[in-house]
Amino acid sequence: MNLNGRRQSSNFEDRRGKGGGKIAGLGIGGVIIAGLIALLFGGNPTEVIQQLGSQSTQTEEYIPTAQEEQLKTFALQILASTEDVWSDQFKRMGLTYRAPKLVIFKGSVQSGCGSATSSVGPFYCSADECVYLDLDFFNEMPKSLGAGGDFAYAYVIAHEVGHHVEHLLGTLDKAHSQMARMDDTEKNRMSVRIELLADYYAGVWGYHENKTFGSLEDGDLEEAIGAAQKIGDDYLQKRARGQVMPESFTHGTSAQRVKWLRKGLTTGDLRGGDTFSQNYNQL
């Protein structure tokens, strides 16, 4: 991506060096990390994450490296872009966009949804309207799944901001309310719908980012699509255990994730991402 001269968001908090505790939730990055851990230890990704939730970390003095500071600049430029794009999109609907805060942490963090370690990956918490990111995650993406590149990293941030858009539009809270009355299978299916919509919104952001700024370069789209392919539940389960268990999917298959991300990138239409009214098997 060409981000030369682009502004950085000031809506962030740097908590690197501050300790935390248990895992709060599972974001797009958590799927990648959990899949890698499960692959190494021969376990179920969900079970691995639950086990990680009992771990704690120690607070240590933080001294950023030059690479980390570059990644911070990049993350804040992407966050600024999401602010610009979604402010405009909401204005077109007669609404006001309230941007999420980006919390950068190292190792562990306390969020409005509970405490979390970096093992969970980037995540969004609607309780405090914050996106949480350990910058080390971007270094793990190419190592664990070969899913690297700046637009792939931007996709990660845009996906979590996509959950914030769901929250502001009432979609996320409504879905969570319905999940409280569902059995495990239906909860998982609802989770898939939530995640695919966030993928779609990430694509919508990418469409308008490029339309406005012409920032995408050769290979950028392939980076994001490649990342989406490698974080599908079926891909991770097959890699971790050699078999696929559709009833346990929580984020969608590789094909589904690519489909909805690509649809957003192609149309740029905020209203075109209805993942809730469609038959589940047709998502």
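**Exercise 1. The salt-bridge network**

Work out, for this predicted model, which residues are linked with Arg16 in a network of salt bridges, and where the two partners of the Arg16–Glu69 pair lie in the chain.

*Solution.* The network of salt bridges is made up of Asp14, Arg16, Glu69 and Lys72. Begin with Arg16 and Asp14, whose closest N and O atoms are 2.6 Å apart. Arg16 has a relative accessible area of 11% and is therefore buried, since buried means under 20%; Asp14, with 30%, is partly exposed. Next, take the salt bridge in which the side chains of Arg16 and Glu69 meet, at 3.1 Å from N to O. This pair links distant parts of the chain, with Arg16 in the loop between E1 and helix H1 (28–41) and Glu69 in helix H3, 53 residues apart. Glu69 itself is partly exposed, its relative accessible area being 30%.

**Exercise 2. A link from helix H3 to the segment before E1**

Determine which parts of the chain are joined by the salt bridge between Glu83 and Arg7, and decide whether Glu83 is buried or exposed.

*Solution.* The model has 12 salt bridges by the rule applied here, and one of them pairs Glu83 with Arg7, with 2.9 Å between the closest N and O atoms. Glu83 belongs to helix H3 (residues 66–92), whereas Arg7 sits in the segment before strand E1 (12–14), so that the pair connects distant parts of the chain, 76 residues apart. For the accessibility, Glu83 has a relative accessible area of 10% and is buried, while Arg7, at 40%, counts as partly exposed.

**Exercise 3. Aromatic geometry**

Classify the ring pairs Phe90–Tyr97 and Tyr200–Tyr201, and state which aromatic cluster contains Tyr200 and Tyr201.

*Solution.* The count of aromatic pairs comes to 8. In the pair of Phe90 and Tyr97, the centres are 5.2 Å apart and the planes meet at 65°; because planes over 60 degrees apart count as edge-to-face, this pair is edge-to-face. Phe90 is buried with a relative accessible area of 2%, and Tyr97 also counts as buried, at 10%. For Tyr200 and Tyr201, the centres are 6.2 Å apart and the planes lie at 55°, so the pair is tilted. Tyr200 and Tyr201 are both buried, and together with Trp86 and Trp260 they form one aromatic cluster.

**Exercise 4. A charge over a ring**

Identify the ring over whose face Arg6 lies.

*Solution.* The ring is that of Phe213, and Arg6 is placed over its face at 3.5 Å from the ring centre.

Conventions: Residues are numbered from 1 along each chain as its sequence is written. This is a predicted model: local features need pLDDT of at least 70, side-chain atom pairs count only at pLDDT 80 or more; totals for chains, interfaces and linings use all residues. Side-chain values use heavy atoms; hydrogens and water are left out. Rings of Phe, Tyr and Trp (its six-membered ring) pair if their centres lie within 6.5 Å; planes under 30 degrees apart count as stacked, over 60 as edge-to-face and the rest as tilted. Buried means under 20% relative accessible area, exposed over 50%, partly exposed in between (1.4 Å probe, protein chains only). A charge sits over a ring if NZ of Lys or CZ of Arg is within 6 Å of the ring centre and within 35 degrees of the ring normal. A salt bridge is a side-chain nitrogen of Lys or Arg within 4 Å of a carboxyl oxygen of Asp or Glu. Helices (H or I, at least four residues) and strands (E, at least two) are DSSP runs, numbered from the N terminus.
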